[in-house]
Amino acid sequence: MPDLPDHPPDRPQSWADCDPDIRDHVTGTLDAAGVPLLGAYLHGSLAMGCYHRAKSDLDLLLVTPGPLTGAQRASAARALALRSAGRPVLGDLEVSVLTREQAAAHEHPRPYEVHYSSAWTEDILAGRVDHDAPRADPDLAAHITVVRERGVTLLGPPAGSVFAPVPRDDYLAAITDDLAWAVERLPQSPYYGVLNACRVLAVLDGGPATVPSKEEGAAWALGELPHALRPIVRQALSCYRSARPVSAQDRETDGHAWDEDALRAFGTYVLRRAGPSPHGQAGAVAPSVAVPVADERPRGLARRHQAE
């Protein structure tokens with residue numbers, strides 16, 4: 001495999017020590033949503049201590065006392081999209097709003113009130129989202145598992161007392177059902193795809209209590225995968241940690257070419273090792289995106305949480 005640039009690493013950040021503008025952006029988002037809140041919870045990289053300014057997104061679960069009207073959902077989604085436009089970093093917000101009842105009762109996919117992520121910005125601002133349609137998101141099984149085990153409570157009671165536990169099969173389905181799709185996209189989104197696949201394999205290998213970050217999944221892979229596959233994991237980790245600014249257009253590749261043969265070999269191994277998902281063959285379903293049940297998801301958009 002040809003040598004790729006080895007980037008100087010950025011400072012990994014957690015909620016306790018994050019940059020002031022990141023903290024202000026997160027706390028300001030709670031107000032900007034414009035809905036009554038019983039609780040607010042951070043998950044993803046900033047909660048797990050591996051947030052990198054040049055790559056990572058900001059992930060939130062918000063809990064309201066009761067259902068919102070369609071007008072309230074539309075207003076909250078639009079407010080979050082507009083809030084995103086002024087973000088201090090390239091990575092976007094990913095926010096899901098649930099009622100207290102939706103949080104407390106497990107279903108898969110989980111109903112929700114509002115979802116915002118970069119994949120939805122254009123449709124939200126253009127008024128193309130039906131906020132009165134039924135809504136459910138299979139990815140909430142993963143987000144809730146993470147927030148219960150490793151999340152940060154920003155407002156309200158502890159997450160473990162608000163969100164019902166997620167059965168392991170539903171958690172595994174949430175992280176494996178689009179694995180083949182992600183592997184197919186490795187040339188377009190290499191460092192994210194490699195690290196996410198490492199995380200999935202670490203969960204499958206590690207048992208019920210395993211809720212790793214991307215960095216922790218990579219660390220596991222560097223000790224467990226065949227030696228021939230480890231260079232592509234090291235490179236993906238270097239790009240993820242890099243302090244080097246990149247444009248939005250270059251974010252998924254980190255702005256340079258990748259060895260497609262190495263990515264193909266890695267992907268083949270991942271799918272073989274992962275085996276069938278709880279809901280069929282790994283990746284047999286379309287990539288899951290928080291979507292009104294009655295609507296199509298946004299056309300031609302990649303999976304929205306590229307650097308959680």
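**Figure 1. Strand E1 sits inside the fold of this predicted model.** Of the 5 residues in E1, 5 are buried, so the strand is largely enclosed by the rest of the structure. Look along the strand and you'll find Gly-39, Tyr-41 and His-43 pointing one way, with Ala-40 and Leu-42 pointing the other way. Every one of those residues is buried. That's the usual pattern: in a regular strand the side chains alternate between the two faces of the sheet.

**Figure 2. E1 has a partner strand on each flank, E2 and E7.** On the E2 flank, E1 (residues 39–43) and E2 (residues 58–64) run antiparallel and are joined by 5 bridges. Zoom in on Ala-40 and you'll see that its bridge partner in E2 is Leu-62. One residue along, Tyr-41 stands opposite Leu-61 in E2. On the E7 flank, 3 bridges do the joining, and again the two strands run antiparallel. Here Tyr-41 turns up once more, standing opposite Thr-153 in E7.

**Figure 3. Step back and E1 belongs to an open sheet of 5 strands.** The strand order is E5-E3-E2-E1-E7, and the pairing is mixed. At the edges are E5 (114–116) and E7 (152–155), each of which pairs on one side only. From one strand to the next, the twist averages 20°. Two helices that pack on this sheet are worth a look. Helix H1 (residues 20–32) touches E1, E2, E3 (93–99) and E7, and its direction makes about 25° with that of E2. Helix H3 (residues 70–85) touches E3 and E5, with its direction at about 20° to that of E5.

**Figure 4. Helices H10 and H11 cross at roughly 75°.** The axes of H10 (residues 190–206) and H11 (residues 214–224) come within 7 Å. That crossing angle makes H10 roughly perpendicular to H11. On the H10 side, the residues that meet H11 are Tyr-192, Leu-195, Cys-198, Arg-199, Leu-201, Ala-202 and Asp-205. H11 brings Lys-214, Gly-217, Ala-218, Trp-220 and Ala-221 to the contact. Sorted by class, this contact has 8 nonpolar, 1 polar and 3 charged residues.

**Figure 5. The close-ups come from a chain with 13 helices and 10 strands.** Of its 308 residues, 57% count as buried. The accessible surface of the chain comes to about 12,300 Å², and 53% of that belongs to carbon and sulfur atoms. As for contacts, take those between residues at least 6 apart in sequence: 77% of them join residues at least 24 apart.

Note on methods: Residues are numbered from 1 along each chain as its sequence is written. This is a predicted model: local features need pLDDT of at least 70, side-chain atom pairs count only at pLDDT 80 or more; totals for chains, interfaces and linings use all residues. Side-chain values use heavy atoms; hydrogens and water are left out. Axes are lines fitted to C-alpha atoms, for helices over the stretch in contact, and angles run from 0 to 180 degrees between N-to-C directions. Helices (H or I, at least four residues) and strands (E, at least two) are DSSP runs, numbered from the N terminus. Angles under 35 degrees count as roughly parallel, over 145 as roughly antiparallel, 65 to 115 as roughly perpendicular and the rest as oblique. Contact means heavy atoms within 4.5 Å. Ala, Val, Leu, Ile, Met, Phe, Trp, Tyr, Cys and Pro count as nonpolar, Asp, Glu, Lys and Arg as charged, and the others, Gly among them, as polar. Two strands pair if DSSP finds at least two bridges between them. Buried means under 20% relative accessible area, exposed over 50%, partly exposed in between (1.4 Å probe, protein chains only). Accessible areas come from the Shrake-Rupley method with a 1.4 Å probe; for residues, only the protein chains shown count as cover.
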